[in-house]
Amino acid sequence: SNDACFRFSTSAFLQERARAAAMGYPDPTNPNFEATTEMYHKTLTECLRRIKAFKDKGEDKMIAIMVASHNEDTVRFAIEKMKEFAIEPSDKVICFGQLLAMCDYITFPLGQSGYSAYKYIPYGPVNEVLPYLSRRAHENKGVLQKIKKEKRLLAREILRRFATGKIFYTPKGNYIPV
């Protein structure tokens, strides 16, 4: 239920805050999703600005980053900012990443469009990985809606391939990921 999910995610936030206090580092959690998104976008914009500055000086590839987000709006924001700063996918300084088995409908089109796109798997001791995974679960609480969307997109693609007689997809170009 939503109430059980809220209790679990609230517990994870409290656990993360308690861990930060015990280990003497600042609370790493934001008060809400909007604050997290705002901070992420500001940080991403600053990173892209610095990448562009190095590129303009002929010192490209001094900074490379991974945009690790399951948020479609953040991925769109990153792509628009890349365009704004004239950073091309072929510059190989920006890559995108999502957790394995989450948001394939974001990851695969990025890769097919020439962007470096990765799936990642967190690992480590349970007491260290669980707070991270519980935060991701809380941040992606609309995961069931995302799964429905992904199934809808997959069904549409299967039908399109059958209708056009092009069952198998072969990417064009010789793009090599970072």
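# Reading a predicted model

Q: How many disulfides does this structure have?
A: This is a predicted model. A disulfide needs two cysteine sulfur atoms within 2.5 Å. By this rule the count is zero disulfides.

Q: Are C47 and C103 buried or exposed, or something in between?
A: Take the relative accessible area. Under 20% is buried, over 50% is exposed, and partly exposed lies in between. C47 has 24% relative accessibility, so C47 counts as partly exposed. C103 has 4%, so C103 is buried.

Q: What is the strand order in the open sheet?
A: Read the strands by their pairing. Here three strands form an open sheet in the order β1-β2-β3, and the pairing is parallel. β1 (65-68) and β3 (116-120) stand at the edges. Each has a single partner strand, so one side of each has no neighbour in the sheet. On average, neighbouring strands of this sheet are turned by 35 degrees against each other, direction ignored.

Q: How many bridges join β1 and β2, and which residue is the partner of I65?
A: β1 pairs with β2 (residues 94-99) in the parallel sense, over four bridges. For I65, the bridge partner in β2 is I94.

Q: Where do helices α2 and α3 lie?
A: Look at what each helix touches, then at its angle. Helix α2 (residues 33-56) lies across β1 and β2, and runs at about 155 degrees to β1. Helix α3 (residues 72-84) packs on the sheet and touches β1 and β2. The direction of α3 makes about 175 degrees with that of β2.

Q: Which residues does T74 touch?
A: Start with its place. T74 is found in helix α3. Its relative accessible area is 3%, so T74 is buried. Leaving out residues up to four places away in sequence, T74 touches T37, Y40, H41 and S69.

Q: How many aromatic pairs does the structure hold?
A: An aromatic ring pair is described by the distance of the centres and the angle of the planes. This structure holds one aromatic pair. F96 and Y115 form it, at 5.7 Å centre to centre and with 85 degrees between the planes. The pair is edge-to-face.

Q: Which parts does the pair of F96 and Y115 tie together?
A: Place each residue. F96 lies in strand β2, and Y115 in the loop between α4 (104-112) and β3. The pair therefore ties together parts that are 19 residues apart in sequence.

Q: Are F96 and Y115 buried or exposed?
A: F96 is buried, with a relative accessible area of 0%. Y115 has 13%, so Y115 is buried too.

Technical notes:
Residues numbered from 1 in each chain as written. Predicted model: local features only at pLDDT ≥ 70, side-chain atom pairs only at ≥ 80, totals over all residues. Heavy atoms only, no water. Buried < 20%, exposed > 50% of the residue type's maximum accessible area, 1.4 Å probe, protein only. Pairing = 2+ DSSP bridges. Helix = DSSP H or I, 4+ residues; strand = E, 2+ residues; numbered from the N terminus. Axes fitted to C-alpha atoms, helices over the stretch in contact; angles between N-to-C directions. Contact = heavy atoms within 4.5 Å. Phe/Tyr/Trp six-rings, centres within 6.5 Å; stacked < 30°, edge-to-face > 60°.
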